[in-house]
Amino acid sequence: MADEHTPTHDTAAERRPVSRKTLLKATLVAVSVPALLGGGVALARDHRPSDVPLAPTPFCDDGDDPTPPQTEGPYFKPRSPERLSLLEPGTRGTRLTVTGYVFGLTCRPVAHALLDFWQADDAGAYDNRGFRLRGHQYTDARGAFTLTTIVPGLYPGRTRHLHVKVQAPGRPVLTTQLYFPGEPRNHTDPLFNAALLMNVRQAGPAKQATFDFVVDSGGPGR
């Protein structure tokens with residue numbers, strides 16, 4: 001495989017025709033141009049994680065499989081507060097902003113989809129008594145979401161990850177985890193799945209990440 005910094009001129013991505021999902025995302029970006037000019041993060045599927053290429057799929061015609069599920073783990077707590085930012089006074093760690101979209105299996109964006117996030121703190125510990133670094137939110141009318149949090153710390157046996165539950169209105173809940181590219185523990189964590197890698201870039205002292213979820217949204221074509 002060519003090095004990610006080596007220019008190529010005959011890739012499958014370049015030969016692939018423009019798909020319905022690509023056009024939808026272009027429309028969504030056009031609506032959000034002022035935000036992007038202000039330094040927003042590019043759409044998650046505009047750039048692929050360096051760790052692995054996306055596999056083709058019959059469900060979405062833009063090269064995306066339905067987002068794979070992963071274990072909930074022992075630290076989930078229901079009834080988290082609704083909020084876009086998990087930061088509180090005294091929260092330590094590298095600031096992280098995660099943006100993206102929730103799509104149905106036919107590549108249509110899903111409005112008012114539920115996303116419930118929880119994670120370890122900078123030291124690798126979960127708050128099991130309260131709701132520190134826990135919270136839920138809903139996608140907007142464009143199917144978009146933005147989460148402000150910190151980069152989670154490490155703890156024995158796991159690589160860095162975010163937990164999330166995603167649910168289109170009235171549909172089954174997807175429980176999964178999101179990962180960071182380039183982490184040494186990605187190769188030793190038995191739960192790690194490269195299909196769940198976020199696109200992450202440095203933004204000054206902070207980090208910005210993107211990821212698009214593909215879920216069963218119900219209705220024609222799901």
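1. In which loop does R79 lie? In this predicted model, R79 is found in the loop that runs between α3 (33-37) and β1 (95-104).

2. The backbone of R79 deserves a remark. Its phi is positive, at about 60 degrees, although R79 is not a glycine. R79 has a relative accessibility of 73% and therefore counts as exposed, since the term applies over 50%.

3. A second residue with a positive phi is H112, which is likewise other than glycine; the value is near 55 degrees. H112 is placed in the loop between β1 and β2 (114-118).

4. Is H112 buried or exposed? Neither term applies: its relative accessibility is 49%, so H112 counts as partly exposed. The class covers values between the 20% limit for buried and the 50% limit for exposed.

5. P172 occupies a position in the loop between β5 (161-167) and β6 (174-179). With a relative accessible area of 55%, P172 is exposed, because exposed means over 50%.

6. Which residues does P172 contact, leaving aside its neighbours within four places in sequence? The contacts of P172 on that basis are with V166 and Q167. Both numbers fall within the range given for β5 (161-167).

7. One further relation concerns P172 and D216. These residues are 44 residues apart along the chain, and their C-alpha atoms are separated by 7.5 Å.

Terms used: Residues numbered from 1 in each chain as written. Predicted model: local features only at pLDDT ≥ 70, side-chain atom pairs only at ≥ 80, totals over all residues. Heavy atoms only, no water. Helix = DSSP H or I, 4+ residues; strand = E, 2+ residues; numbered from the N terminus. Buried < 20%, exposed > 50% of the residue type's maximum accessible area, 1.4 Å probe, protein only. Contact = heavy atoms within 4.5 Å.
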